[in-house]
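Colleague: Please take a close look at the largest pocket. I would like its volume and its lining, and then whatever else belongs beside it.

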Amino acid sequence: MARTEASVTDAQASSTDFSRPLLAWYDRHHRSLPWRTPPDETKLGVLPDPYRVWLSEVMLQQTTVGAVKRYFEAFTDAWPTVEALATAETDDVMKAWAGLGYYSRARNLKKCAETVASEYDGRFPDTEAGLKALPGIGDYTAAAIAAIAFNRPAAVVDGNIERVITRLHAIEAPLPQAKPEIRTLVAQALPHDRPGDFAQAMMDLGATICTPRRPACVLCPITDGCTARREGTAERFPVKAPKMEKPARRGAAFVAVRADGAVLLRQRPPTGLLGGMTEVPGSHWTARQDGATDISAAPFPADWRETGSIRHVFTHFALELSVFRADLHNDQLPGDQPPGDGWWSSPDTLPGEALPTVMKKAIEAAIPGATRKPRKG
DNA sequence: AAATCGTGGAG
DNA sequence: TCTCCAAGATT
């Protein structure tokens, strides 16, 4: 195909202008994703639905593409527009988000949808500043939506792009200190005719070629200006500050099973770890390792039997949970109301509850299969 | 501004 | 099994 953008190339010509070969590579090797508009359409001016771009970008924060796909389909099926999400029940949103992690994202997602629906007439702002003012949208997400959904020349910097840029320039400064320098370099390389495709091309390159380990430099379209490639040190970048090791905590979880199979659940506080999500009653999670499993934290007296234990690793600590189960007869129920603000969830509603993975593990340890959703069809 | 906030896949 | 870490945001 004939190249007609010679003037653009000349204007940007420098050792750091890698956008043309990168975009040419993207045109041929871009990933096809449910929220993405392919380059043959964006080049004709067709842009993706900002709602779908926003939803995907929030889901993709610190989360892999593979994990996001099913959730994205479920969300867009249930709530096809930002107005639909704005009027949804928050509890339904938390249920749909359960398992994806970082649950403040779901709370902010709902708030953001409500703001866009009520204050912006259902249309997302088309500038970085306007977007960043919304809950759950920070530097990266604001730039990504501006570039991808509105083709604004925004400097998008995510983990992939940090890796690509630090290798291109062999940046020795550790992250996150090097971030301002990286942003400047991205802004300098930004092709103003295709900012959205450029951002996605950089991310695809980082995800498929310029990978954290064993990068496929042989297949890379921009090796010419890559210092780390020339020096054979690509895998050394990006340099990161040393990470501290995760402390251990332990606690007890109590699975109360009624005669009809219903399980006692309750809601966690609205903020903090697993904020607003559903849990089985449990003890405090202590950092003490000598502490015996604390059965005094049970929601009511019963014949609690330890049925096993589960391990779960959070971002900043590892948890070991002793799981207790009690099978209740009808005359053993603690009054006609569940303790506190809890509720009994029957076997057919349990799989649809807003249970984070750690709680599904705990329930599974007491009642194998109880949280598994029945296969449809 | 350092700490907090989940989960699962890959090597 | 263990380590790394993924399209980061918030306080």
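Modeller: The largest pocket has a volume of about 1000 Å³. A pocket here is an open set of points on a 1 Å grid over the protein atoms alone, with protein on both sides within 12 Å along at least five of seven lines. A volume is the space filled by probe spheres set on the points, which are joined across faces, edges and corners. The probe is 1.4 Å.

This is a predicted model, where local features need pLDDT of at least 70, side-chain atom pairs count only at pLDDT 80 or more, and totals for chains, interfaces and linings use all residues; side-chain values use heavy atoms, with hydrogens and water left out. Residues are numbered from 1 along each chain as its sequence is written, while chains are lettered from A and ligands numbered from 1 in the order in which they are written.

Now the lining. The largest pocket is lined by 33 residues, and Leu60, Gln62, Asp158, Gly159 and Asn160 lie nearest its centre. A lining residue has an atom within 4 Å of a point. Helices H4 (50-59), H10 (139-150), H11 (159-168) and H13 (195-208) each give two or more residues to this lining. H13 supplies the largest share, five residues. Helices (H or I, at least four residues) and strands (E, at least two) are DSSP runs numbered from the N terminus. By class, the lining has 14 nonpolar, nine polar and 10 charged residues. Ala, Val, Leu, Ile, Met, Phe, Trp, Tyr, Cys and Pro count as nonpolar, Asp, Glu, Lys and Arg as charged, and the others, Gly among them, as polar.

Next, DNA strand C. It is surrounded by 25 residues, the closest being Glu57, Gly136, Thr141, Asp158 and Asn160. Near means a residue heavy atom within 4 Å. Of the strand C atoms within 4 Å of the protein, 66% belong to sugar and phosphate. Three polar contacts (N or O pairs within 3.5 Å) can be spelled out. The Thr141 side chain has an N or O atom 2.6 Å from a phosphate oxygen of DNA strand C. Gly159 places a backbone N or O atom 3.1 Å from a phosphate oxygen of the strand. The Trp35 side chain has an N or O atom 3.2 Å from a base nitrogen of DNA strand C. H10, H11 and H13 each give two or more residues to the surface near the strand. That surface divides into nine nonpolar, nine polar and seven charged residues.

The record adds a label. An unreviewed UniProt entry annotates residues 59-208 as "domain: HhH-GPD". Such annotations may be inferred rather than shown by experiment. The span is 64% helix and 0% strand, and its end C-alpha atoms lie 20 Å apart.

H11 also lines a cavity. A cavity is a set of grid points where the probe fits but cannot get out. One cavity of 30 Å³ or more is counted. The largest cavity holds about 120 Å³ of space. It has 15 lining residues, with Arg167, Cys210, Cys217, Cys220 and Cys226 closest to its centre. H11 gives the most to this lining, three residues. The classes are 12 nonpolar, one polar and two charged.

Technical notes. A polar contact is a pair of N or O atoms within 3.5 Å; within protein, one must be able to donate a hydrogen and the other to accept it, and residues adjacent in sequence count only if both atoms are side-chain atoms.
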